[in-house]
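Please look over the sequence and the model below before reading on. The briefing that follows starts from a single residue and then widens to the strands, the helices, the cores and the whole protein.

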Amino acid sequence: MPAVGVPARLLAQHTKFARLCSSPSAAVSNGLTLQRRSYVTPSSSKVIFSGIQPTGVPHLGNYLGALQQWVKLQKEADRDTQLLYSIVDLHAITVPQDRAYLRQCKREMLATLLAIGLDPDRSTIFYQSSVPAHSELMWILSCGASMGYLSRMTQWKSKLDLADNANPLDQSSKSKLKLGLFSYPVLQAADILVHRSTHVPVGHDQSQHLEFARECANGFNHVHGKVLSAPETLLSPGKRVMSLDRPQYKMSKSHPNPKSRILLTDSREEIRKKLRVAVTDSIEGASYDPVQRPGVSNLIEIAFNLQNQSEASSPEDYARDLEGVSLKALKDHVTEAVDQHIGPIRERFESIIKGSGRELEDAAELGSQKANASANATMKLVKDAVGF
């Protein structure tokens, strides 16, 4: 049914516009002529963006997979490189959340980011929900996002335990699927594009989402002129840490067994107990073979990735130094390596979380101010380009 008061000519043009947003190459064939403007990005420096869900205190997998790289980027990036690290609490509510628990998790995540060494004066550390432009740009991008493209994304399928070939219009999918979860990639694209990020650190399993962000940027720019930056992949050297009780799966906060993971705030005794019952095998001695000995190899990789003085250049090389060591001795060795590395983080976290709260409030406020300034500069260009 036509919208009341909207001329048929404008409805036809809007239909062409929406089709163009989801397939920019169709501009000529659709015969749609749009006024385009060119905008100049204020700075040619790098803008690096990355986000993490507020799941409370991160585990060792989170740290070695991403957070350690964030600190490294802060240390090694040029001074004119803008670093933005977001606690993506809007993404968190795509699944049901208890509000008190969510607030606690946000606070613990922020405290952890400070504890691992991120500096609020150097890096922009902020809660996603404190920057309204993320949601605003999401809506604008949603108006051009293709349902077909989104239906092929893996996020909503994995969250709902659906098959890879599931269709959002299937009855079994529709009964579970919420709009927020389905449009998750659009918000993720907005997170990146609203700061005109030039580089995004990603692991191999996240490349699909970054490609969608590039599609959104290129589609918008094709219609409106060069406003948004299509980000490049900054392939993260982050390490894949496996579960202690199921070494064929990644370490995860969602696993019901707390002994499957090591938290960055675990005490030395907690670390020792978890590693003592970590799944290995019945083969004598330590050796690196991820296929035949996944549990033992996971422990060797953990120790290798946390090494301080070792000259080993690979887990295989590191394992040679452990040749002849019993599995009990290997677990003791890994306990020492983990505790030495996360001990200072644990102490710093406790100091922050048990303090007056002022340090967290100041960091959140500074991050919000800096992130809003960055996002609002982009939205000014976006709104002008769209016609708002």
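Leucine 83, in this predicted model, touches Ile48, Leu73, Gln74, Arg122, Ser123 and Thr124 when residues up to four places away in sequence are not counted. The residue lies in strand β2, and it counts as buried because its relative accessibility is 1%, which falls under the 20% cut-off.

**Leucine 83 and the strands around it**

- One of the contacts of leucine 83 is Thr124, and although leucine 83 and threonine 124 are 41 residues apart along the chain, their C-alpha atoms are separated by 6.0 Å.
- Another contact of leucine 83 is Ile48, and isoleucine 48 is also the residue whose bridge partner in β2 is leucine 83.
- Strand β1, residues 47-52, and strand β2, residues 82-87, pair in the parallel sense, and six bridges join them.
- Between these two strands the chain passes through helix α3, residues 60-76, and the resulting β-α-β crossover is right-handed.
- Five of the six residues of β1 are buried, so this strand is largely enclosed by the rest of the structure.

**Helix α11 and the loop after it**

- Helix α11, which covers residues 184-193, is mostly covered, with nine of its 10 residues buried; among them are Tyr184, Pro185, Val186, Asp191 and Leu193.
- Arginine 196 lies in the loop between α11 and β4, the latter made of residues 199-202, and its phi is positive, at about 50 degrees, although arginine 196 is not a glycine.
- Is arginine 196 buried or exposed? It counts as buried, because its relative accessibility is 6% and the cut-off for a buried residue is under 20%.

**A loop residue for comparison**

- Valine 95 is placed in the loop between α4, residues 89-92, and α5, residues 99-115.
- Valine 95 has a relative accessibility of 30% and therefore counts as partly exposed, since that class lies between the 20% limit for buried and the 50% limit for exposed.
- Along the sequence, valine 95 and lysine 178 are 83 residues apart, while in space the distance between their C-alpha atoms is 9.1 Å.

**The nonpolar cores**

- The largest nonpolar core has 57 residues, and those that touch the most other members are Leu60, Leu113, Ile116, Leu330 and Val338.
- Helix α16, residues 327-353, contributes the largest share of this core, namely 10 residues.
- A second core, separate from the largest one, has 39 residues, including Ala133, Val202, Leu210 and Leu228.
- Isoleucine 116 is in contact with Tyr63, Leu67, Val71, Leu264 and Ile345, once its neighbours within four places in sequence are left aside.

**Helix α17**

- The 29 residues of helix α17, residues 358-386, should span 42 Å at 1.5 Å a residue, and this agrees with the model because the end C-alpha atoms of the helix are 41 Å apart.
- Glycine 387 follows α17, and its phi is positive, near 115 degrees.

**The protein as a whole**

- The protein has 17 helices and five strands, and 49% of its 388 residues count as buried.
- Among the contacts with a separation of 6 or more, 72% are between residues that are 24 or more positions apart.
- The protein exposes about 19,800 Å², and carbon and sulfur atoms supply 51% of that area.

Note on methods. Residues numbered from 1 in each chain as written. Predicted model: local features only at pLDDT ≥ 70, side-chain atom pairs only at ≥ 80, totals over all residues. Heavy atoms only, no water. Helix = DSSP H or I, 4+ residues; strand = E, 2+ residues; numbered from the N terminus. Expected span 1.5 Å × (residues − 1). Core = buried A, V, L, I, M, F, W, Y, C linked by side-chain atoms within 4.5 Å. Buried < 20%, exposed > 50% of the residue type's maximum accessible area, 1.4 Å probe, protein only. Contact = heavy atoms within 4.5 Å. Pairing = 2+ DSSP bridges. Right-handed = clockwise from strand over helix to strand, strands pointing away. Areas by Shrake-Rupley, 256 points an atom, 1.4 Å probe, with all protein chains shown as cover.
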